[in-house]
Amino acid sequence: MSIVSLDNALSATSELRWLYIDFNSYFASVEQQLKPRPSRRPVAVVPVETDATCAIAASYEAKAFGIKTGTPIYEARQMCPGLICVLAQHERYVEYHHRILEEVDRHIPVTAVCSIDEAASQLMSNEQTIARISEIAASIKHGLAQMSANM
């Protein structure tokens with residue numbers, strides 16, 4: 001799961017006020033964690049098991065074929081014949097959400113939860129440099145990778 005990016009336009013002396021965490025392809029990424037495969041295959045998360053529905057999330061691999069939220073599944077299967085459709089498991093996404101927030105909070109206090117896949121942390125004065133927040137972000141990423149490996 002991708003979590004942190006810093007604007008390249010900022011100079012090394014720029015001060016930052018917030019760390020914003022946004023998990024891209026969150027539902028599909030959780031599904032890939034729940035059902036790991038030898039190689040990442042394109043995944044679409046669906047609300048019901050029928051080709052007459054739409055994708056509510058798409059993995060990075062599915063997005064590479066042009067599949068996105070709202071793409072009808074019958075079209076998605078034409079765009080990507082190897083597409084794996086999985087039934088949404090909202091309770092699992094909430095479970096991961098709580099575990100992720102706990103892990104982030106181990107590194108920096110979570111100030112605001114914006115949605116199931118977005119959170120923000122207000123930075124203290126000693127955390128407002130690109131160098132320091134990059135260290136914190138790397139620490140968070142490492143912690144999340146360890147968490148994923150142990151789930």
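Me: Is Arg106 buried or exposed in this predicted model?
Reply: The model is predicted, and the accessibility of Arg106 is computed from it as 63%. The threshold for exposure is a relative accessible area over 50%. Arg106 therefore counts as exposed.

Me: Which residue forms a salt bridge with Arg106, and what separates the closest N and O atoms?
Reply: Arg106 lies in helix α4 together with its partner, three residues away, about one turn of the helix. An α-helix has 3.6 residues a turn, so residues three or four places apart point the same way. The partner counts as buried, at 10% relative accessibility. It is Glu103, and the closest N and O atoms are 3.0 Å apart.

Me: How far apart are the closest N and O atoms of Glu95 and Arg99?
Reply: Glu95 and Arg99 are four residues apart in helix α4, residues 90-107, which means a separation of about one helical turn. Glu95 is partly exposed with a relative accessible area of 26%, and Arg99 is partly exposed at 34%. The two form a salt bridge in which the closest N and O atoms are apart by 3.3 Å.

Me: Which residue is linked with Glu95 and Arg99 in a network of salt bridges?
Reply: Glu95 forms a salt bridge with Arg99. The network that holds these two residues has one further member. That member is Arg92.

Me: What is the N to O distance in the salt bridge of Glu135 and Arg132?
Reply: Glu135 and Arg132 both lie in helix α5, residues 130-149, three residues apart. Glu135 counts as partly exposed at 47% relative accessibility, and Arg132 counts as partly exposed at 34%. Their side chains meet in a salt bridge with an N to O distance of 3.1 Å.

Me: How many salt bridges does the count come to?
Reply: The criterion is a side-chain nitrogen of Lys or Arg within 4 Å of a carboxyl oxygen of Asp or Glu. The pair Arg106 and Glu103 is one of those that form a salt bridge. The count comes to six.

Me: How are α1 and α4 oriented: roughly parallel, or roughly perpendicular?
Reply: Helix α1, residues 26-34, packs with α4 at an angle of about 90 degrees, and the axes are 10 Å apart. Angles of 65 to 115 degrees fall in one class. The orientation of α1 to α4 is therefore roughly perpendicular.

Me: How do the residues of the contact of α1 with α4 divide by type?
Reply: From α1, the contact includes Tyr26, Phe27 and Val30. From α4, it includes Tyr93, Tyr96 and Ile100. The residues of this contact divide into seven nonpolar, three polar and two charged.

Me: How many of the nine residues of α1 are buried?
Reply: Among the buried residues of α1 are Phe27, Ala28 and Val30. Their cover includes β2, β3, α2, β4 and α4. Helix α1 is largely enclosed by the rest of the structure because the number of its residues that are buried is seven.

Me: Which strands are the edge strands of the sheet β1-β6-β5?
Reply: Three strands form this open sheet, and the pairing is antiparallel. Each edge strand pairs on one side only. The edge strands are β1 (18-22) and β5 (112-115).

Me: Which residue in β6 stands opposite Tyr20?
Reply: Strands β1 and β6 (residues 118-122) run antiparallel and are joined by five bridges. The residue in β6 that stands opposite Tyr20 is Ala120.

Notes
Residues numbered from 1 in each chain as written. Predicted model: local features only at pLDDT ≥ 70, side-chain atom pairs only at ≥ 80, totals over all residues. Heavy atoms only, no water. Helix = DSSP H or I, 4+ residues; strand = E, 2+ residues; numbered from the N terminus. Buried < 20%, exposed > 50% of the residue type's maximum accessible area, 1.4 Å probe, protein only. Pairing = 2+ DSSP bridges. Axes fitted to C-alpha atoms, helices over the stretch in contact; angles between N-to-C directions. Parallel < 35°, antiparallel > 145°, perpendicular 65-115°, else oblique. Contact = heavy atoms within 4.5 Å. Nonpolar A, V, L, I, M, F, W, Y, C, P; charged D, E, K, R; others polar.
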